[in-house]
Each structure stands twice: as C-alpha cells, then as structure tokens.
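The following exercises ask you to follow charged side chains through a structure and to reason step by step about where each partner sits.

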Amino acid sequence: MLLSIVVPFYKYKNYLNECLDSLLNSSFHDFETILVLDHNEENIDDLLQTYSSLNIRVIHNEKHGVASSRNAGIKAAKGNYIYFLDSDDYVLKDTLYLLSKCITNQDIVYGQVNNTWNNMANYLEKQAKKLENLDDEEVEMKEMESQQKIQDFISQYNQPESTLLAYYHMFKKKRGSNNITVLSHAYSRTFLLENNIEFNESLTYYSDFPFIIECLSKAKTFNGCLDAIYVKRRHNDPINYPALRQEENEGRFYERMNSYELSYKKTNNEILTEMIDYKIINYYFRHFVKRLRRSEKPEWKNEYFNRFSEVMNLVSDKAISKYSKEKQKMIASLKNKDLNKTLKLVRTFLGKKKLKNMTHNKNTMFKLAYYHVYLKKPILKNVVLFETFNAKNYSDSPKYIYEYLASHYGDQYEFVWALNNGAKPKYGGKVVKRFSFEYAYYLARAQYLVFNVRPPLWYRKREGQTFLETWHGTPLKRLVFDQEEVTAASPKYKQQFYKQRKDWDYLISANDFSTETFARCFMYEGEILDIGYPRNDILYAPNKEELAVEIKKKLNIPLDKKVILYAPTWRDDEYYGKGQYKFELQLDCKMLKEKIGNEYVLLLRTHQYISDRLDTTGLEGFAINVSQYDDISELYLISDICITDYSSVFFDFANLKRPILFYTYDIEKYKNQLRGFYIDMTSEVPGPLLYTNEEVLYAIEHIDEVEQQYSERYQQFYDRFCHLDDGNASKRCVERVFLNKKD
Ligand code: C2G
C-alpha cells in the first residue's frame, strides 16, 4: 500500500465529515485511512457508517494533543508513505493521485497548501471563477510559469542535497517562513522510523515546526508536485469553533519559545538555521511588539520579555544583519533585556508604521482625529447620529425613528445624518458625509447612535453613548453564527460581529420570530425591543393612499398603471470586493414589457450592496430603475405586486396583504451552498416559488388565482411575522430609548 492517511480528530464533526468525504471522492485509492481519536466528545458512529467503504482504521490516542495523535498514526501506519490530513481540512479529487505520481523512492514528496475559508463546493467554485476569465492557453501558461519559477530557483543551488532546502528557501521568500507546515507532504515511513523522527508531545500548538525542520535536515531525496493541493480550512467562527491556532491559552507563548529552541537543536544546516532565525525575527516585529506595547497582561513586559530575550540570543548575527538599523537596535535591546529602551523603540516603530498607513491613504486621516482628538472630548448630550445602509440612503427604521423624534421632540435634540447620496432629511437634520472628519467627530461625541447596519470597525463605543441597532429585516437567510459558511467578501465576519454586537444597547425586532432568532444568531445578550419595525409605520399611515399618489407622480408613473416591484437580494459569492457585489438581471424584462406592458409598470430595485448598474435600454415606458430611490417602504406603498427572491422585503410588504411572487431561479445553490434558510420556502412563504420567466409571467397574468390559492398561507404568515406592526413602532421605540419609558 502506498499511502497511510493519518487524520487526528478531536472535535468539529461537521468538518470531519467533509474531510472523509474528500477521501471517499479521491481518484486515487491505494491508501488506508487512520483516524486517531483524541478524546472526542461528539459521537461519530454514524460517520464511520457512512464512510465504511474507506475501511477506516480507528485508533485511540491515550494521551492528548495533535502531536501524540500523529505519532500514534505513524506507529499504526502500514503504507509506504504517510500523509497527515487534519480533520478540518480536505484534499481535492486528484491530490493524492498527483502526489502518488511523484513518489519514486524519495524521503519526502511535497505538495502545496491552499488556504480557504470555505467548504469544498465553494472552494472549487471560487477557484473555477478565478480561471474563468482566462482561456486554456493562459491557464497553461500560468501553470508553466509557476513550475518554471521553482525550477529556476532550485537551479541556483548546485548540490543535490540542498535542493530541498532551496525549495523551502523559496517558500520562505514566497510566503514567509511562518507558513512552513508538515501538511501537504508525504513522508516515507521508513525514513521517519529509521531516523526516529516524531512529533514532540510536550508541544500542543507548535509541534509542526521542529518536526519539519528535522525532516528537512535529514532527508536525502525529495520530489515535489505543486498541483497536489491540500486545502487548509481557516475557521470563520473562532468564537465557537476556534482552530488550534486561534485558541487562547496561557502556556502558548512559552510553547512557541520552546518550539523555536527545539528546532535549532534539530539541525546543523545553515539554511534551515537561517529559516528558524527569520521565523523568530518575524514573530518579533509582526506580533510581539504589538503585545509588548498594548497588552494589559503584565507578563508581556516581564516574564515573556525575558524569555523572548533568551531565545533572541540564539538568532545568528548574520540573519540580524540583514535587517534595517532601526530593527537591529530593537533586536539588540531585547537581547540585552533592556525593557525601557525596547519599549521606547517599539513605540516609535509602531507609531511610524501607523502614521505611514494613515498618510499613505489620506482618506483615513479622519481616523487619527477620531482616536487622538475627538474621543478625548466629552460626549455631546442629546446629539443623535443616524445612519442607514452605510449612509447610502435616507431610509429604513432610522428614518422613521428620526422623523418621529424630530416632529415630537425636535427642540430637545440635535440631529445629524450620515448621508452620501445628497438626500436631505425632513425637519432639517444636519448632514455629514460618511468617513469624513465631521462624521468621525459625531461618531465619537454623539450621545445616541441609531444605525441599521454595523458601524465602522474602528468605532469605539464610549461610556455615556447609547447605541440603538435597528437592523434591517426579518431573517429568512441564515445570519452570522447560524451560518455554517461565510462565503461573502469578508471572511472575518463572525469574529468582527461578535465584537461589535457587544456595543449595542438596544436591538429592534419586528416580530417574535426575529426576537428569538436574533438572540441566538447574533449571540446577543442586550435588550431586544420587540416592537415592530419603525420602517413599516408608513404602511399603516392613515393617508397612505394620498402618499401613494404623490410617490407615483414623483416617479412619473401613470396613475392608471399598476405597479410591480422587483426587489431581489445580493449573492454572497458574487462580488468585486467588500460591499461591492455583482448582480445579473435574470428577469426577462423585454418579454414582460411585450406581454404586460399595457397594464403594468415594472420597478427594478437592486440591493444596496450591488454595484452593477441595471441597463434599461429598450424598456422605456415600462421598467424604471429605482435602485437609487431612497426608501423602499415608499415603493411598497405604490406596488400592487412584489417579486423578490430571498430578500427580507416580503416580510415588510406582507403588511399590505398584496400578492408576493418569489423568483427563485437559483434556490438550490442559495439554500445549500450560500446561506440556508430559517423557514421552509416551499411551504411557509406567502406566495409561489417560480423558476422561469414563463412561470413569472403566468403568475402575473393569473394574479387573482394566485392570491386565492395562497390566501390561507398568507394569513398564517401575516399572523406570524406582521403581528406587531401597527403604525406605532417608531413611537414605541422613541419612548423606550429616548424617553426611557418601560412598559
Ligand atoms: N432592500 C432594498 N432593495 C432590495 C433588497 C433589499 O431596498 N432589492 C432593503 C430592504 O429594506 C430589505 C433590506 O434591504 O429589508 C435588507 O435586504 P435583504 O435582501 O434582506 O438582505 P440583507 O441586507 O443581507 O439583510 O435580517 C435580514 C438580513 O439581515 C438580510
């Protein structure tokens, strides 16, 4: 047998599931799977059953930790080569096959690690998208180029025994020595046994480094196949599912130091020694200095500092001499255990770095003022800062809370709106541009903040500030900690959310369902105001008919025409960058114009994250792009039918009891790959799921029948999700938050 795959398992069964799945789907079969159970608490009998065709050999680690699990795996292995596969990672279909092709008697055969935040389906899709824009020739060129680069680099080193080291030297240059790992390599079992190479079991977090250094030091022959990809999953939820490297632990620092020391003992080779030197120096400048300056734990300035000083004294002068004079001084003062001098140098070093970052991007200078000036000034009593969808428009619940507050208690408060689109709030609230000096000023000093999404990451909640988070919809799509995958542009979403949600004093919920869901999915422990949505007050306004006529006129919609609103949501995996999502219109507007243009006007409304502009050429007189229209609640008022997909708009629109259609052409992907839903779309939403343009047309043409067919379900839906809305949510909100009334 060629390979023994050693999979240590401690926790996170769902990840193990995918790991084993990847082995099951491998195109190469000459391997055994050794699952080393490390006191796992989740029962995995069902998994063993599901993957019985892998003939998994289960062994139990009597000790504890990944090092001893891997050692147990090495001992139990029967294959000629050993491949370590962590239970939260996976391989691709051809990984093992490609690796096996390169195995011809070497001590080590290396592949490549790719990091991802995603499961395999999303990973593969993203990879495919990257290549999508290249033609076959370009793809081939790219592959050849990367192989060539490696060959070029290796050829600089003449002796065959240093080829392996050369390869790693290149690795260090390419990605920083921090990324050198035992993963993605196959090790000859005889080589490991004959040389007594094993993981040091006293190390929980850092046993990889001394192991790989020892292997590299002793290996005589090696080969590589960069196409043999090992996919390393980065954990997107370090709060509930931290990876080993994300776990906080008291002994961690000492272990790191021990692992460096041990690594030196494992080799006499000059290049490897230099690699260890770089790793230590990198750790100093990238991580240690920040802790030294900012950590509140006194150890960093005492015991840790002294211990690091000992280790830094092991670093060669040659490696140190390659750094700038400033850095050399910092290293010297650490080596001399001169804490005061080191602190002084570190302060200047970090200060310069920060200033460079700030001045590099002049647009962020206001942040300097925020931290160093505004935060130091007192809070401005009764000043309220409002922001909706990152200042994109004047809408949603902040608008209605503001209008209620301004019209009833206007003389008692000063109002500021963050708005980038030139909108002018009623009652003359002051407007500031988001990410300006004025914005930073009010963010630091306003007594009240009313936001419908999260504030910027650099916002620091102050004592004396009240933060009202209105949120922006009843959840249909799974949110934050209920989301298994984060496929959106910002993979650190969960981590950031966890930190930010602690700043909220109040969170608004539109119905009991949201109240329960928000508490769980946001891991929110503060006060939830289950009072209905202020943004829906307008849907119950006594003069809503007159308002609708005004809005129709404003949009030049003939009063005798009926209106359809098409308001789809965004797709997590379709983006140009953070907050800039793509959208391709799948609704056949030309066909609809032809068929129903006499009777209807179509309003096209993309989500505020979408940066693609809709093209309405040829649709004049029928389709109007209302994506820039401030307030979607006003559009609901004038719409006879709403078409959406997975957007929360239907929860609000249902307050009007008018027909809703769901154009869900990509529901399988959305449900299984991107988000998943809280409610069953096939049986609980108040309208039909439609998959083609023909079905959409048919439903519009037979809208009375649709209404009838769904009337019972609609009523149930209304009772469940619209039960709190009655036109007075803003009032209830203001009374609780601003007037401090409790019921
Ligand atoms: N919206 C809009 N136009 C669209 C889609 C949405 O104006 N085409 C507005 C609506 O007010 C909607 C809100 O943005 O309720 C949130 O949009 P969703 O499509 O539901 O998506 P998202 O921003 O991801 O919020 O709990 C709700 C979730 O947070 C979803």
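## Exercise 1: a pair between a loop and a helix

In this predicted model, the side chains of aspartate 631 and lysine 399 form a salt bridge, with 2.8 Å from N to O. Work out which parts of the chain this pair ties together, and whether each partner is buried or exposed.

Solution. Begin with the positions: aspartate 631 belongs to the loop between strand 20 (623-625) and helix 23 (632-638), while lysine 399 belongs to helix 17 (residues 396-409), so the pair ties together parts that lie 232 residues apart in sequence. Next, apply the cut-off, by which buried means under 20% relative accessible area. Aspartate 631, at 2% relative accessibility, is therefore buried, and lysine 399, at 5%, is buried as well.

## Exercise 2: a pair between two helices

Determine how the salt bridge between the side chains of lysine 554 and glutamate 634 (3.9 Å, N to O) connects the chain, and how accessible each partner is.

Solution. Lysine 554 is part of helix 21 (residues 544-554) and glutamate 634 is part of helix 23, so this pair ties together parts 80 residues apart in sequence. As for accessibility, lysine 554 counts as exposed at 58%, whereas glutamate 634 counts as buried at 15%.

## Exercise 3: a network

Name the residues that salt bridges with shared partners join into one network.

Solution. The network is made up of Glu270, Glu274, Lys318 and Lys322, which are joined by salt bridges that share partners. For the wider setting, the count of salt bridges comes to 34.

Definitions and conventions: Residues are numbered from 1 along each chain as its sequence is written. This is a predicted model: local features need pLDDT of at least 70, side-chain atom pairs count only at pLDDT 80 or more; totals for chains, interfaces and linings use all residues. Side-chain values use heavy atoms; hydrogens and water are left out. A salt bridge is a side-chain nitrogen of Lys or Arg within 4 Å of a carboxyl oxygen of Asp or Glu. Helices (H or I, at least four residues) and strands (E, at least two) are DSSP runs, numbered from the N terminus. Buried means under 20% relative accessible area, exposed over 50%, partly exposed in between (1.4 Å probe, protein chains only).
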